[in-house]
Amino acid sequence: MSRNHSWITALLLAGVACLSACSTSPSHFAYVTLSSNQVAAYQVNDSSGALAPLAGSPYPAGVFPTAIVVHPSGKFLYVANNGEGDISLFTINAAAHTLLEVQPRTLSGTNPTSLAIRPDGNELFVSNSGSGTISFFSINTKTGGLAQMSGSPFSCGVSPSALAISPANVLYVADSTSNVVFAFAIDGTTGGLTAVTGSPFNVGSNPTSLALDASGHFLYVTNLLTNNMSAFAINSNGSLAVIPGSPFATKASPISIAAAPSGEFIYVANHGSNSISAFALSSSGVPSPIAGSPFSVERGPVFVTPDVTGDFVFVGNGLSGNLSELSVNSSGALANVAQSPYATPATPAGLATTK
């Protein structure tokens with residue numbers, strides 16, 4: 001874990017097998033990137049969380065697909081192919097939620113690692129950790145097609161590794177080599193980037209993941225090599241102010257962080273301690289450990305992703321080669337669902353859910 005790309009290597013171990021049969025109960029959907037150069041698609045039972053593969057799953061993608069994001073319309077899915085430097089676009093069937101890739105793929109940059117879509121759905125940002133750039137594309141909201149915009153790719157640090165966009169259209173970028181977070185205001189017309197006053201902002205060693213609370217008032221950063229997370233309040237201009245008490249301790253090698261849809265909780269995947277740290281957020285953004293935290297998962301978790309309902313959390317386990325699923329109670333505490341962990345032939349690299 002001493003080099004800035006070691007966390008990316010951990011993500012690229014991946015693959016998911018077919019699971020249980022489809023259910024007729026109310027459901028939503030999950031999409032998982034696999035190291036077999038594919039994307040798996042699942043129906044998720046709203047009540048039990050049980051997964052069932054959709055017809056035709058898994059679907060071919062590019063080399064080493066990692067980051068994955070669903071368009072706000074629910075019509076399109078984008079995947080960063082880390083091994084070939086491009087982006088896959090999939091259309092999502094409105095009835096069956098199956099996937100169809102639209103060719104050709106869109107070139108991005110060397111080692112794309114993170115994706116973020118502007119809140120209005122009109123622009124996609126990609127961090128290219130191998131080329132030290134951010135690419136940005138306009139999105140055709142009818143077809144999902146991408147068109148590179150003027151000023152893209154945009155030079156940004158040494159190894160931009162994670163992205164997050166606030167409701168106020170500020171792009172935050174974690175640089176895993178320089179140990180900073182950049183902040184850029186996004187021009188609503190041109191899509192261009194302008195550095196926010198005070199940017200970049202110092203964080204811990206080897207920042208790997210970013211999470212915004214649902215309100216967009218607070219930003220959290222996992223610091224892989226210092227075993228903690230930095231916490232910031234977001235000012236009106238998008239600049240960052242350290243929350244008193246930051247950084248906050250996690251367990252060993254925090255590699256991924258995500259906020260619950262409710263905005264009440266955040267979850268951290270601790271790659272080195274096979275666990276998920278869970279925190280409740282105060283009105284001032286201070287994270288407090290939830291009773292029972294950290295919660296055990298399988299070996300070497302590489303991502304944690306709350307699902308769109310907020311009732312479940314998914315964890316890709318990089319060393320045991322499977323997928324954990326945990327239910328969330330009213331206090332934010334986690335418990336493995338009956339089917340978890342799901343046996344898989346290798347490890348999921350990334351996951352996104354949609355209704």
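**Figure 1. Contacts between distant parts of the chain in the predicted model.** Among the contacts in the protein with a separation of 6 or more, 45% are made by residues that lie 24 or more positions apart. As for burial, 59% of the 355 residues of the protein count as buried.

**Figure 2. The fold and its overall dimensions.** One helix and 34 strands make up the secondary structure of the protein. The radius of gyration is 18 Å, close to the 20 Å that the globule rule gives for 355 residues, so the protein is as compact as a globular protein of that length. Taken along the principal axes, the box filled by the C-alpha atoms is roughly 55 × 50 × 35 Å.

**Figure 3. The largest nonpolar core.** This core has 19 residues, of which Y267, I276, V304, V313, V315 and L334 touch the most other members. Two or more residues each are given to this core by β24 (254-259), β25 (265-270), β26 (275-281), β30 (312-317) and β31 (322-328), and the largest share, three residues, comes from β25.

**Figure 4. A second nonpolar core.** Separate from the largest core, a second core is formed by 17 residues. Its members include V170 and Y172, together with F232 and I234.

**Figure 5. The exposed surface and the charges.** The protein exposes about 12500 Å², and carbon and sulfur atoms supply 53% of this area. The protein carries 8 positive and 14 negative charges, and the mean positions of these two sets are 4 Å apart.

Terms used
Residues are numbered from 1 along each chain as its sequence is written. This is a predicted model: local features need pLDDT of at least 70, side-chain atom pairs count only at pLDDT 80 or more; totals for chains, interfaces and linings use all residues. Side-chain values use heavy atoms; hydrogens and water are left out. Helices (H or I, at least four residues) and strands (E, at least two) are DSSP runs, numbered from the N terminus. The radius of gyration is taken over C-alpha atoms; the globule rule is 2.2 Å times the number of residues to the power 0.38. Buried means under 20% relative accessible area, exposed over 50%, partly exposed in between (1.4 Å probe, protein chains only). Contact means heavy atoms within 4.5 Å. Accessible areas come from the Shrake-Rupley method with a 1.4 Å probe; for residues, only the protein chains shown count as cover. Lys and Arg count as positive and Asp and Glu as negative; His and the chain ends are not counted. The place of a charge is taken as NZ of Lys, CZ of Arg, CG of Asp or CD of Glu. A nonpolar core is a set of buried Ala, Val, Leu, Ile, Met, Phe, Trp, Tyr and Cys residues joined through side-chain atoms within 4.5 Å.
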